[in-house]
Amino acid sequence: MAETAGETALAAEFDALMARAGLTIPADRRAAMLDGFADLKQQLALLHGRYAHTAEPANVFRLTPLEVR
Amino acid sequence: MDTQDLSIAEMGRALRAGSVTAVALAEDALGRVAARDPGLHAFLEVTRDRALADARAADADLAAGRDHGPFHGIPYALKDIYDTAGIRTTCHSRLRLDNVPTEDSVAAARLRAAGGVLLGKVATHEFALGGPSFDLPFPPARNPWNPEHVTGGSSSGSATAIAARMVRMAMGSDTGGSIRGPAAWCGLVGIKPTYGRVSRRGVFPLSWTLDHCGPLSRSVEDSAITLQVLAGHDPQDGASADMPVPDYRAGLEAGVQGLRIGVPRAFFATASAATPDVLAGVDRTIAQLRDAGATVEDVTLPDYALFAAAGRVIMMAEAFAIHQADMQSRLLDYGEITASRFVLGAAITAADYINALRARRELTDAVNAALGRYDALLTASGLGTAPRFDTPVDNRAASSPMQTIPFNVTGHPAMSVPVALAGDGLPIGVQVVGRPFDEATVFRIGRAVETLSGWESVPLPAFSG
């Protein structure tokens with residue numbers, strides 16, 4: 001079955017991201033990974049644009065005074 | 001004496017009464033492993049010589065008046081991501097087949113110092129994520145309730161070893177539910193302590209900020225005894241909390257009279273994969289807790305999908321940072337399922353990861369707010385029973401059969417407790433979630449659930465050997 005334009009774009013994005021990460025994806029594993037990528041993008045969309053600049057991430061840290069000897 | 005159904009506390013009493021020795025307990029357990037494991041594949045390595053040496057030392061210490069406490073002389077197993085000095089630690093992966101640590105993980109060292117008897121290393125999904133798989137150097141562990149079914153993961157061998165009554169306790173790890181999931185699907189108790197309660201040092205990481213170490217066991221009391229050994233500050237673990245550790249058994253039998261329990265019903269009631277057996281199990285538990293004097297009310301938390309998204313993004317991003325170099329050079333040495341999940345980390349941007357951390361703050365605040373009004377939360381552990389091995393793997397987030405990852409994201413203590421067998425003869429469990437560092441109340445409610453559900457009279461799978 002022919003890919004739709006959306007599927008083609010998704011596949012191109014996936015291939016670019018894998019290349020950027022230095023990964024060589026075997027042809028026989030690519031389809032399953034693409035399915036996972038499509039699903040992940042739906043989850044990323046839930047997080048995108050949700051927060052104002054005042055919402056800080058959980059890893060903002062605090063320092064405590066050092067004991068100087 | 002038939003020792004396979006003795007609790008950890010009962011074994012301890014028998015040892016101190018002189019009616020059994022640690023060597024006898026170890027030999028009994030080793031015999032069960034030899035008879036039962038060939039069809040179940042819980043163990044990657046049986047450390048027979050080490051077990052007998054540990055047991056002889058335990059007997060000698062007791063005879064000399066050196067009592068190391070409630071775990072003294074108790075056989076146990078470790079998930080094969082826990083470093084063990086001189087004993088291979090593979091992560092169930094081709095990539096680490098030759099890895100023999102020179103030091104014990106902190107958990108292994110604490111169990112050893114407490115007089116425990118190490119029987120061996122048990123199966124995991126590869127790197128505590130990818131499985132069940134048949135393309136790894138070792139077969140996947142099978143569910144003793146029906147070996148055609150999976151155990152859940154990733155602490156698969158730990159669950160198999162306990163449900164097949166080879167040991168009472170085995171260590172697991174939980175990054176998105178890998179203790180509580182197998183516990184629920186194999187009829188066991190599994191606690192993910194508060195983030196920072198148990199040192200992670202020497203345990204191969206999946207995701208530094210989601211990883212938790214804890215026990216799977218046959219009973220709530222077994223878990224309380226084990227956590228007593230494990231809990232405590234480790235200044236060399238950057239996430240370790242310097243918090244007092246209470247006596248976890250002191251309030252176990254206190255019941256639930258006067259406790260307030262919130263139920264985030266939308267988590268499971270609106271999930272398409274939730275089975276009638278699971279929904280009935282949760283409702284029956286709620287009714288039993290009310291009858292026992294607890295106030296149980298529905299509570300609203302943010303959408304489950306937001307917890308799941310934050311958890312997956314954090315997990316995949318951190319895991320990929322750990323595995324990127326090996327993925328670049330040895331991708332085909334990973335199992336197919338593992339690789340297909342790890343590569344997704346390469347698709348997560350810095351902004352995605354930071355947005356997930358912003359969500360973590362929002363979600364942790366929301367759960368803390370709910371726990372300001374309630375002593376604990378109660379929800380389903382999983383949405384159904386363990387699937388068959390031949391069920392196609394579905395990696396889509398919406399099809400996840402577990403309800404556990406929210407409390408990895410927020411770090412709250414959470415425990416799965418078995419409550420019933422479903423219509424297919426497989427176990428289901430409920431999840432009790434507590435305030436940070438209040439595992440004692442989680443144990444107290446879990447013990448009540450264990451008693452009220454009648455689970456203790458449900459016979460575990462029988463084996464001839």
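Both Trp145(B) and Trp455(B) are buried, and they make a handy way into this predicted model. From there, this briefing moves on to other aromatic rings, then to salt bridges, and ends where chain A meets chain B.

**Aromatic rings**

- Across all chains, the count is ten aromatic pairs.
- Trp145(B) and Trp455(B) are one such pair: their ring centres sit 6.0 Å apart with the planes at 45 degrees, so the pair is tilted.
- These two tryptophans come from distant parts of the chain, 310 residues apart. Trp145(B) is in the loop between β3 (117-122) and α5 (156-163) of chain B, while Trp455(B) is in the segment after α14 (439-452) of chain B.
- Tyr334(B) and Phe342(B) pair up too, this time edge-to-face, with 6.0 Å from centre to centre and 90 degrees between the planes.
- Are Tyr334(B) and Phe342(B) buried or exposed? Tyr334(B) has 1% relative accessibility, so it counts as buried. Phe342(B) comes in at 0%, so it counts as buried as well.
- Tyr334(B) and Phe342(B) also belong to one aromatic cluster, together with Phe127(B) and Phe204(B).

**Salt bridges within chain B**

- Over all chains, the tally is 25 salt bridges.
- Glu253(B) and Arg447(B) are joined by one of them, at 2.9 Å from N to O. This bridge reaches across distant parts of the chain, 194 residues apart: Glu253(B) is in the loop between α7 (220-230) and β7 (260-263) of chain B, and Arg447(B) is in helix α14 of chain B.
- The two partners sit in quite unlike settings: Glu253(B) is exposed, with a relative accessible area of 60%, whereas Arg447(B) is buried, with 15%.
- Arg260(B) and Glu297(B) make a salt bridge at 3.5 Å, N to O. Arg260(B) belongs to strand β7 of chain B and Glu297(B) to strand β8 (residues 295-298) of chain B, so this pair ties together parts 37 residues apart in sequence.
- Both ends of that bridge are partly exposed: relative accessibility is 32% for Arg260(B) and 31% for Glu297(B).
- Asp283(B) and Arg265(B) meet at 3.1 Å, N to O, in another salt bridge. Here the link runs from helix α9 (residues 276-291) of chain B, home of Asp283(B), to helix α8 (residues 265-269) of chain B, home of Arg265(B), so parts 18 residues apart in sequence are tied together.
- Asp283(B) is partly exposed at 37% relative accessibility, and Arg265(B) is partly exposed with a relative accessible area of 25%.
- Some salt bridges share partners, and in this way Glu253(B), Arg447(B), Glu450(B) and Glu456(B) are joined into one network.

**Where chain A meets chain B**

- How many residues are in contact here? On chain A there are 31, facing 36 on chain B.
- Together the two chains bury about 2,900 Å², and 63% of that is on carbon and sulfur atoms.
- Which three residues of chain A supply more of its buried area than any other three? They are Arg29(A), Leu47(A) and Tyr51(A), which supply 22% of the area that chain A buries against chain B.
- Ten residue pairs are in polar contact between the two chains, with both residues at pLDDT 80 or more.
- On chain A, the elements that give two or more residues to the side touching chain B are α1 (5-20) and α2 (27-47). Of these, α2(A) gives the most, with eleven residues.
- Sorted by class, that side of chain A has 18 nonpolar, seven polar and six charged residues.

**Particular links between the chains**

- There are two salt bridges between chain A and chain B. Arg312(B) and Asp39(A) meet in a salt bridge through their side chains, at 2.8 Å from N to O.
- Gln324(B) offers a further link: a polar atom of its side chain lies 3.1 Å from the backbone oxygen of Ala21(A).
- Gln324(B) itself is found in helix α10 (residues 304-330) of chain B. At 27% relative accessibility, Gln324(B) counts as partly exposed.
- To get a feel for distances in chain B, take Gln324(B) and Thr364(B): they are 40 residues apart along the chain, and their C-alpha atoms are separated by 29 Å.

Definitions and conventions. Residues are numbered from 1 along each chain as its sequence is written. Chains are lettered from A and ligands numbered from 1 in the order in which they are written. This is a predicted model: local features need pLDDT of at least 70, side-chain atom pairs count only at pLDDT 80 or more; totals for chains, interfaces and linings use all residues. Side-chain values use heavy atoms; hydrogens and water are left out. Contact means heavy atoms within 4.5 Å. Buried area is the accessible area (1.4 Å probe) that two parts lose on being put together, summed over both. A salt bridge is a side-chain nitrogen of Lys or Arg within 4 Å of a carboxyl oxygen of Asp or Glu. A polar contact is a pair of N or O atoms within 3.5 Å; within protein, one must be able to donate a hydrogen and the other to accept it, and residues adjacent in sequence count only if both atoms are side-chain atoms. Helices (H or I, at least four residues) and strands (E, at least two) are DSSP runs, numbered from the N terminus. Ala, Val, Leu, Ile, Met, Phe, Trp, Tyr, Cys and Pro count as nonpolar, Asp, Glu, Lys and Arg as charged, and the others, Gly among them, as polar. Rings of Phe, Tyr and Trp (its six-membered ring) pair if their centres lie within 6.5 Å; planes under 30 degrees apart count as stacked, over 60 as edge-to-face and the rest as tilted. Buried means under 20% relative accessible area, exposed over 50%, partly exposed in between (1.4 Å probe, protein chains only).
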